[in-house]
Amino acid sequence: MEKEKTIMDYDTVALDDENSALLIIDQTKLPTETEIIALKTAQEIWDAIYLLKVRGAPAIGVAAGYGMYLLAKQIRTDNFEEFYREFVKQKDFLNSSRPTAVNLSWALKRMEQVCLDHKEKPVREIKALLKKESEEIQAEDIRVCKAIGEYGLSLVKPGDGILTHCNAGQLATSKYGTATAPIYLGQERGYGFHVFADETRPLLQGARLTSYELYSSGVDVTLICDNMSAAVMKNGWIDAVFVGCDRVAANGDTANKIGTSVVAAVANYYHIPVYICAPTSTIDMNTLTGDDIRIEQRPAGEVTEMWYKERMAPEGVKVFNPAFDVTDHELIAAIVTEYGIARAPYTQSLKEIMEKKS
Ligand code: MRU
């Protein structure tokens, strides 16, 4: 009998070069509907990133890479200067879609570098090289997540309870996820983890995405509201916290989905290690501390009415809705990268990881 298709069988992001389209799963519709949408224009790609149809730092990077290739393909000139001017305009536009995840500007810079490194070549050849680079960004993402999974797995043991916040899963990457990579590899090897997924207010990435993908993969997952993490930790059900990140500063301060710092503070109180799973594409050595990370502010409606049958707060009430918060490096037991595990002092260990990379 043919195996039933699950969400894990879909590509989070894909290139349809023949139809000049970027294909994504519209994640705002999950888990009730799996709709693949085709994005062709700069505005469509910008909107998809801003509206979190494609989200999660690495997936945003992959989408930006493919998006930039497709936009470059549409530029009609054989003159490099003209081509490059238009390229930079489109790149800056995509870069303005979300400010916190550094993977967006990281991928766009990589694409721009291809243009600069080959400016003496005909524009059509540059376009072919841009395609290659965008495909490499995605292929790299898969390799990187797998390596993070292996390192992460070395930090836990069979039967452990793991808590995660937001979605740093396959839906946030191209495969495996970052924070979920040790869970998926453990699942393949019979580790029997018990995973707790925070629902992650206000956009419910934990409920709609993480619990969905883990459950579809046969992982033992329990969904909890964000304000229940202290209870499960106090019960002794959690041995480790694994979360992803949107930007890691040079001193180890880490921006991730709003609520992560609360989880980290509570976990420290209960002496539970907090592990940040970070591809080196998310480490930003030019940002010295968490104070320098720009935090995206989102519309009030996400808190007051989205997901509810009717508005659940008085009209006109003040709302504070940051998409991310910064977890201080003191609360982080280790940062798990594809080049190994960094521990405090992070200023030193992250520098070594980045040197290893280059
Ligand atoms: O607002 P989102 O859904 O893009 O936020 C995603 C997160 O905070 C993830 O934890 C982070 O991007 C890492 S994804 C591997």
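Pro202, Leu203, Lys257, Ile258, Arg298, Glu302, Asn321, Pro322 and Ala323 line the second largest cavity of this predicted model. That cavity has a volume of about 50 Å³. Its lining is made up of five nonpolar residues, three charged residues and one polar residue.

In the whole structure, the search returns two cavities of 30 Å³ or more. The largest cavity has a volume of about 200 Å³. Lining the largest cavity are 23 residues, and the closest to its centre are Arg55, Gly56, Ala57, Asn167 and Asp246. Helix H2 (57-73) provides at least two of the lining residues, and so does strand S9 (254-257). By class, 10 residues of this lining are nonpolar, nine are polar and four are charged.

Pockets were examined as well. The largest pocket has a volume of about 270 Å³. Its lining has 13 residues, with Val102, Trp106, Lys109, Asp284 and Asn286 nearest the centre. Two elements, helix H4 (102-117) and strand S11, each give two or more residues to this lining. H4 supplies the largest share, six residues. The lining of the largest pocket comprises five nonpolar, four polar and four charged residues.

The second largest pocket holds about 170 Å³ of space. This pocket is also lined by 13 residues. Thr28, Leu51, Leu203, Arg298 and Met306 lie nearest its centre. Seven of its lining residues are nonpolar, two are polar and four are charged. Leu203 and Arg298, named here near the centre of the pocket, also appear in the lining of the second largest cavity.

Strand S9 also takes part in a sheet. Four strands make up this open sheet, in the order S11-S8-S9-S12, with mixed pairing. Strands S11 (283-284) and S12 (324-327) stand at the edges. Each has a single partner strand, so one side of each is left without a neighbour in the sheet. Inside the order, strand S8 (residues 247-249) pairs with S9 in the antiparallel sense over two bridges. Val248 stands opposite Thr254 of S9.

Other strand pairs involve strand S10 (residues 274-277). S10 runs parallel to strand S7 (residues 240-243), and three bridges join the two. Val241 has Val274 in S10 as its bridge partner. S10 also pairs with strand S13 (residues 334-337), again in the parallel sense and over three bridges. Here Ile276 stands opposite Ile335 of S13. Both faces of S10 are covered. Val274 and Ile276 are buried on one side, and Tyr275 and Cys277 are buried on the other.

Thr260 belongs to helix H9 (residues 260-269). Its relative accessibility is 3%, so Thr260 counts as buried, the limit being under 20%. The Thr260 side chain reaches the backbone oxygen of Lys257 at 2.6 Å. Lys257 is itself one of the residues lining the second largest cavity. Leaving aside residues up to four places away in sequence, Thr260 touches His165, Val243, Asp325 and Thr327.

Helix H5 (residues 123-153) contains Ser134, and Gln138 lies in H5 too. Ser134 counts as buried because its relative accessibility is 0%. Gln138 also counts as buried, at 13% relative accessibility. Apart from residues up to four places away in sequence, Ser134 touches Gly65, Tyr66, Tyr69 and Met111. With that exclusion, Gln138 touches Val13, Val62, Tyr66 and Ser174. Tyr66 is thus listed for Ser134 and for Gln138. A separation of 34 Å lies between the C-alpha atoms of Ser134 and Val156, which are 22 residues apart along the chain.

Terms used:
Residues are numbered from 1 along each chain as its sequence is written. This is a predicted model: local features need pLDDT of at least 70, side-chain atom pairs count only at pLDDT 80 or more; totals for chains, interfaces and linings use all residues. Side-chain values use heavy atoms; hydrogens and water are left out. On a 1 Å grid over the protein atoms alone, a cavity is a set of points where a 1.4 Å probe fits but cannot get out, and a pocket is an open set with protein on both sides within 12 Å along at least five of seven lines; lining residues have an atom within 4 Å of a point. Grid points are joined across faces, edges and corners, and a volume is the space filled by probe spheres set on the points. Ala, Val, Leu, Ile, Met, Phe, Trp, Tyr, Cys and Pro count as nonpolar, Asp, Glu, Lys and Arg as charged, and the others, Gly among them, as polar. Buried means under 20% relative accessible area, exposed over 50%, partly exposed in between (1.4 Å probe, protein chains only). A polar contact is a pair of N or O atoms within 3.5 Å; within protein, one must be able to donate a hydrogen and the other to accept it, and residues adjacent in sequence count only if both atoms are side-chain atoms. Contact means heavy atoms within 4.5 Å. Two strands pair if DSSP finds at least two bridges between them.
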